Amino acid sequence: MFDLSEKSLLGQLNPEDRQQLLTLGTRRQFEAGGVLTRQGEAADTVYVLLDGFAKVTAISEEGHLVFLAVRSQGELVGEVGVLDGSPRPTTVTATGAVVALGVGGPLFLGFLARRPSAATMVTRSVTEKLRFSIQRRLEDVGSVRARLARVLLDLGARWGRPGPRGTEIAVGLNQGEIAGLVGATERSVNEALADFRSLGTLSIGYRRVVIHDWSGLRKAAGSTP
């Protein structure tokens, strides 16, 4: 069995529910850029991410591409449309190689009906995503530097891997996509990244960031060290 974060849905399900869910679907592989769900399409499948990272995006009413979140191993994507019968509200795209379990909508709903404990955890997962979205909206009033720090703190806490040089965040996002999560222009985010790098707070490479100074990043975010 692969490693699971306790924060992921699979990590929070009890062993019986988890095993039941994993027997329902079919494994699929997606290359970088592969689309798991597409905004506006009928929601007929839920995906359980088993390996890799995916980004969640949407086109706003004004026609702008908005980066909403990152999802990884053990998390669900595509569940909202299946749960309420609406078209897909977002597009989910693999940022690198992704392995996912595709579970048909009726199978997934039947699973929730049979396993009330799993239904409770899925409800909590959806609620947590909504809470995160609301919090991100509230944080958008801060400076680009503060918002970037908050995004990096979140990415580092959820998917950072400790190494000899610091905590590496390798979720397959380029700087433009990080700018989308921050809600700012790529130029302003690049300037903030350069500032953090000059202070020794972090270093950046191709689709990765290494955090060297967590307290400095928390201070920039306006959090308590």
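In this predicted model, T201 sits in the loop that links α8 to β11 (202–205). Its relative accessibility is 5%, below the 20% limit, so T201 counts as buried. Setting aside neighbours within four places in sequence, T201 is in contact with F196, V210, I211, H212, D213, G216 and L217. Two of these partners, F196 and L217, recur in the helix contacts: F196 on the α8 side of the contact with α6, and L217 on the α9 side of the contact with α6.

The contact between L217 and T201 also appears from the side of L217. With residues up to four places away in sequence not counted, L217 touches A149, L152, L153, F196, T201, L202 and I211. L217 is also one of the residues with the most contacts inside the largest nonpolar core, together with V70 and L148. That core has 27 residues. At least two residues each come from β5 (65–71), α6, α7 (175–182), α8 (186–198), β12 (208–211) and α9. The largest share, 7 residues, is supplied by α6. A second core is separate and holds 18 residues, among them L10, L76, F111 and V122. In soluble globular proteins, nonpolar side chains tend to be buried together.

Helix α6 packs against both α9 and α8, and the two arrangements are described in turn. Two packed helices are described by the angle between their axes and the distance between the axes. Helix α6 spans residues 144–159, and helix α9 spans residues 214–221. Their axes lie 7 Å apart, at an angle of about 135°. This angle falls outside the ranges for parallel, antiparallel and perpendicular pairs, so α6 and α9 are oblique to each other. The crossing of α6 past α9 is left-handed. On the α6 side, the contact is formed by R145, A146, A149, R150, L152, L153, G156 and A157. On the α9 side, these residues meet W214, L217, R218, A220 and A221. By class, the residues of this contact comprise 9 nonpolar, 1 polar and 3 charged.

The packing of α6 with α8 has an angle of about 75° and an axis separation of 9 Å. The angle lies within 65 to 115 degrees, which means that α6 is roughly perpendicular to α8. Here α6 contributes V144, R145, L148, A149 and L152. The α8 residues they meet are S188, V189, A192, L193, D195 and F196. This contact divides into 8 nonpolar, 1 polar and 2 charged residues. R145, A149 and L152 of α6 take part in the contact with α9 and also in the contact with α8.

Beyond these helices, R207 occupies the loop between β11 and β12. Its phi is near 55°, a positive value in a residue other than glycine. At 27% relative accessibility, R207 counts as partly exposed.

V35 belongs to strand β2 (residues 35–37). V35 has a relative accessible area of 29% and is therefore partly exposed. Apart from neighbours within four places in sequence, V35 is in contact with F30, T91, V92 and T93. From V35 to A54 the sequence separation is 19 residues, and the C-alpha to C-alpha distance is 9.1 Å.

Conventions
Residues numbered from 1 in each chain as written. Predicted model: local features only at pLDDT ≥ 70, side-chain atom pairs only at ≥ 80, totals over all residues. Heavy atoms only, no water. Axes fitted to C-alpha atoms, helices over the stretch in contact; angles between N-to-C directions. Helix = DSSP H or I, 4+ residues; strand = E, 2+ residues; numbered from the N terminus. Parallel < 35°, antiparallel > 145°, perpendicular 65-115°, else oblique. Left-handed = near helix turned anticlockwise from the far one by under 90°. Contact = heavy atoms within 4.5 Å. Nonpolar A, V, L, I, M, F, W, Y, C, P; charged D, E, K, R; others polar. Core = buried A, V, L, I, M, F, W, Y, C linked by side-chain atoms within 4.5 Å. Buried < 20%, exposed > 50% of the residue type's maximum accessible area, 1.4 Å probe, protein only.
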